[in-house]
Amino acid sequence: MELPDDIHAYLAATFAPADRERAALLLASARTEDGSEPTARLLRCAAFVSDGQLARLRYWVSYMALDWRDVVVAGECVQQDGVPVHARDFNKPLAPDERRACPSPA
């Protein structure tokens, strides 16, 4: 799968130079639980929650193959009083300087 330009820019801004190509390859080879290619939204969520760490990206890409909805919640929601609240919309492009407001559980 060809990654959208905003995801390439985000990877360049958040991953170490030595990890950028591997991060892009991980996202390009990602699949959902039914074996289909993930949407750009799912890829943005996984990139975002990885916090620029290859091990975390591997975790979220593998989780996408189990239940893609959890990847969306991790990427687009923040916890308020123990309840996930929608805070972002990754149907829209990622900004290269976008950062997590709170740590991810992984």
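Does Tyr 59 count as buried, exposed or partly exposed, and at what relative accessibility? In this predicted model, Tyr 59 counts as partly exposed, because its relative accessibility is 34%. The points below take up the aromatic rings around this residue, then the two cysteines, and then the hairpin to which one of those cysteines belongs.

**Aromatic rings**

- The count of aromatic pairs in the structure comes to four, and one of them joins Tyr 59 to Trp 60, whose ring centres are 5.0 Å apart with the planes at 90°, so that this pair is edge-to-face.
- Trp 60 also forms an aromatic pair with Tyr 63, and here the arrangement is tilted, with 5.8 Å from centre to centre and 50° between the planes.
- Trp 60 and Tyr 63 both lie in helix α4, which covers residues 54-64, and because they are three residues apart there, about one helical turn separates them.
- Through these ring pairs, Tyr 59, Trp 60 and Tyr 63 are linked into a cluster.
- Within that cluster, Trp 60 is buried, with a relative accessible area of 4%, whereas Tyr 63 is partly exposed at 24% and Tyr 59 is likewise partly exposed, at 34%.

**Cysteines**

- The structure holds zero disulfides, and the positions of Cys 45 and Cys 77 show why this pair is not bonded: the sulfur of Cys 45 has its closest cysteine sulfur in Cys 77, at 8.7 Å, which is too far for a bond.
- The relation holds in the other direction as well, since the cysteine sulfur closest to that of Cys 77 is the one in Cys 45.
- For the reasoning, the cut-off that matters is that a disulfide requires two cysteine sulfur atoms within 2.5 Å, and the 8.7 Å between Cys 45 and Cys 77 is therefore too far.
- Both residues are buried, Cys 45 with a relative accessible area of 0% and Cys 77 with a relative accessible area of 14%.

**The hairpin of β1 and β2**

- Strand β1, made up of residues 77-80, pairs with strand β2, made up of residues 83-86, in the antiparallel sense and over four bridges.
- Cys 77, described above as buried, has His 86 in β2 as its bridge partner.
- Two residues lie between the strands of this hairpin, and in it Asp 81 takes a positive phi near 55°.

Note on methods: Residues numbered from 1 in each chain as written. Predicted model: local features only at pLDDT ≥ 70, side-chain atom pairs only at ≥ 80, totals over all residues. Heavy atoms only, no water. Buried < 20%, exposed > 50% of the residue type's maximum accessible area, 1.4 Å probe, protein only. Pairing = 2+ DSSP bridges. Phe/Tyr/Trp six-rings, centres within 6.5 Å; stacked < 30°, edge-to-face > 60°.
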